[in-house]
Amino acid sequence: MICGYCRSSGLVISTEMEEMENIPRLCAEMQLLEYPEEYIIKPSDGGSYQPLSISRSDGSLNLISEVPITSAMEMTVIYGVVGAIKLLAGTYVFVITSRKQVGMHQGFPVFQIMSLKFLSCNKALELSTAEEKRDEAYFVSLLKIVETSSGLYFSYQTDLTLNAQRAHNFEGLRRIPPLWKQADPRFLWNRSLIEELIEAKLEPFILPVIQGTRMWRRGADLEGHVANFIETEQLLEVDGFITSYLQVRGSIPVLWEQIVDLTYKPKLNIINTDETPKVVERHFRDLVQRYGPVLAVDLADRQGNEGPLSLAYADAVQSLKQIRYVSFDFHRICGLAHFERLQLLYEQVAEDLKRQGYFLRNPAGEIIEEQKGIVRVNCIDCLDRTNVTQSFLAQMTFDSQLQQIGMFSTSECMLQHPDFHREFKILWANHGDEVSIQYSGTHALKGDFVRYGRQTVSGLIKDGFSAIARYYLNNFHDGIRQDAIDLVAGHYTVSRGNPSPFHLNGFESLAYLPVASVLIVGGLTVTTLSLRQAARDAQHFLRSVVWAGVTAGVMAIIKANGRLFCSRPRLCKLY
């Protein structure tokens, strides 16, 4: 199960750095030296770190005392080692070749990975069988997809996976553990990739990276882990105060699927209903242990395709302790543009939000408030409706935070400060876009309301193009991306003893191409051209009828076998 993580920082005005000085330092800038038999990573940002040697034949990792005297074939500046993965013919090591500072957290820079590169250590490929070479080529193509991953973030000096309330527990320790040991494994994107580095005790090179995405998965697995689970922290650091507000989102935690089949909205199917109560209980038990009482806000439709799923969720959660379930049919209540009606939801949950509170620490390091619970929001894909709703609830809480630290009077609110309010809305709109791009490949829909407080014509047009792009990516690309995610996340283990996961019959091989669209468009084009000539004689008319029949038959076959024409994951079963 792949979990996602996103962190939104509200406004960082000032912060303190001395508390974190004891964190073991990581290499921040290195030289990648390429030799015929090895790669050498030489730290170049000071310190007494030993160079790291990576064998090009088998990918073995070893620290060396000095760099060879002979000149390297090529030298590249890199900014981190993301990890290593073993495939059939050897090991492949990911390194960061470009980075961009995007902010500060606890006084330390936060970087986004702009480009990745994997180093091939696969000389054993020469001895592989023809089938192994074909499989290795496909695995490598998945690594190339990973190279283009967006939304990957890291810091050399502070843990991005821990929220402020949990991070406070590490302060005051005489010896602070390395970042990878502090990290929340749910949100550590390269958790599987760094295992080899950990085993080799290469502490200065073990760099935690966060990101979240899940392509084909819906609902929960049998352990209660859900798809597209994201913890979002709204964080404010000002004048020595640190205050944060947490929300989470995640797919509806029952066993269900929505398999792409060329339709715009594939049917939702609830499966294994006997296990549903146990799965829901496991999911919420974990949330309660981590965060406290849960307010579960369900934005799914109560009628239509989504209705049975929402009702199954409601039935399963009602008997659970420390859980309050609130159904808010977003589409029926808010429609396409009346998002101000979210005030109706706020009126239902205001007391819950007040009881849960938020985290607040004063300049002396004393805890003034702790967040004692969590709001869990979902729609179907946990993107657009969820983004709008979470931003609205966050704004209500932010007013209270600013009042308590003295930036606002008790009668003030953000709406009275247009410039500040605009920056807040842009921050949340960008957050929604970032989550949506990682998950669906496009910007968030309904982003205009978050960004401007209203729907605009340009926004409607942008949403239309995004919807078309989502349709294409969902049907013809996301299965391969899911394979890439499953591979680097360690959900699929490559082994010579396993049968090839890529054996396809002739018809199934069409799944990786938009053949359906080509056949339909081609048939319609030929039919149209024939119809223009049909008036000339009976032969042309008969030809038009034949082509129209062929096109209709092709469309019927495609509709009946839509799933076979879609890109779908090969490495791991859905459940």
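**Exercise 1. A strand with two neighbours**

Strand 15 and strand 19 (residues 374-378) run parallel and are joined by five bridges. This is a predicted model, in which local features need pLDDT of at least 70, side-chain atom pairs count only at pLDDT 80 or more, and totals for chains, interfaces and linings use all residues. Residues are numbered from 1 along each chain as its sequence is written, and side-chain values use heavy atoms, with hydrogens and water left out.

Task: Which residues stand opposite Val294 in strand 16 and in strand 19, and which way do the residues of strand 15 point?

Solution:
- Step 1. Start with the terms: helices (H or I, at least four residues) and strands (E, at least two) are DSSP runs, numbered from the N terminus. Two strands pair if DSSP finds at least two bridges between them.
- Step 2. Strand 15 (residues 294-298) also pairs with strand 16 (residues 323-327), in the parallel sense and over five bridges.
- Step 3. Now look at Val294: opposite this residue in strand 16 is Ile323, while its bridge partner in strand 19 is Ile374.
- Step 4. In a regular strand the side chains alternate between the two faces of the sheet. Here Val294, Ala296 and Asp298 point one way, and Leu295 and Val297 point the other way.
- Step 5. Five of the five residues of strand 15 are buried, where buried means under 20% relative accessible area, exposed over 50%, and partly exposed in between (1.4 Å probe, protein chains only).
- Step 6. Follow the chain onwards: strand 15, helix 6 (residues 307-317) and strand 16 make a right-handed β-α-β unit. A crossover is right-handed if, with the strands pointing away from you, the path from the first strand over the helix to the second runs clockwise.

**Exercise 2. Checking a helix with a ruler**

Task: What span should helix 9 have at 1.5 Å a residue, and how far apart are its end C-alpha atoms? How is helix 9 placed against helix 10: roughly parallel, roughly antiparallel, roughly perpendicular or oblique?

Solution:
- Step 1. The expected span of a helix is 1.5 Å times one less than its number of residues.
- Step 2. Helix 9 (residues 384-404) has 21 residues and should span 30 Å; its end C-alpha atoms are 31 Å apart, which agrees.
- Step 3. Of these 21 residues, 18 are buried, so helix 9 is largely enclosed by the rest of the structure.
- Step 4. Helix 9 packs against helix 10 (residues 418-440) at an angle of about 140 degrees, and the axes are 10 Å apart. Axes are lines fitted to C-alpha atoms, for helices over the stretch in contact, and angles run from 0 to 180 degrees between N-to-C directions.
- Step 5. Angles under 35 degrees count as roughly parallel, over 145 as roughly antiparallel, 65 to 115 as roughly perpendicular and the rest as oblique. Helix 9 and helix 10 are therefore oblique to each other.
- Step 6. Try the ruler once more on helix 12 (residues 457-476): its 20 residues should span 28 Å, and the end C-alpha atoms are 29 Å apart, which agrees. Among the buried residues of helix 12 are Gly459, Asp463 and Leu473.

**Exercise 3. Residues with a positive phi**

Task: Where do Gln106 and Cys382 lie, and are they buried or exposed?

Solution:
- Step 1. Most residues other than glycine have a negative phi, and most peptide bonds are trans.
- Step 2. Gln106 has a positive phi near 55 degrees. Gln106 lies in the loop between strand 8 (91-105) and strand 9 (108-121), and at 12% relative accessibility Gln106 counts as buried.
- Step 3. Cys382 is not a glycine either, yet its phi is positive, about 60 degrees. Cys382 lies in the loop between strand 19 and helix 9, and at 0% relative accessibility Cys382 counts as buried.
- Step 4. On the other side of helix 9, just after its end, Gly406 takes a positive phi of about 90 degrees.

**Exercise 4. Reading a sheet from edge to edge**

Task: Which strands stand at the edges of the open sheet with the order 7-8-9-10?

Solution:
- Step 1. Four strands form this open sheet, and the pairing is antiparallel.
- Step 2. Strand 7 (81-86) and strand 10 (153-154) are at the edges, each with a single partner strand, so one side of each is left without a neighbour in the sheet.
- Step 3. Strand 10 pairs with strand 9 in the antiparallel sense over two bridges, with Phe111 opposite Phe154.
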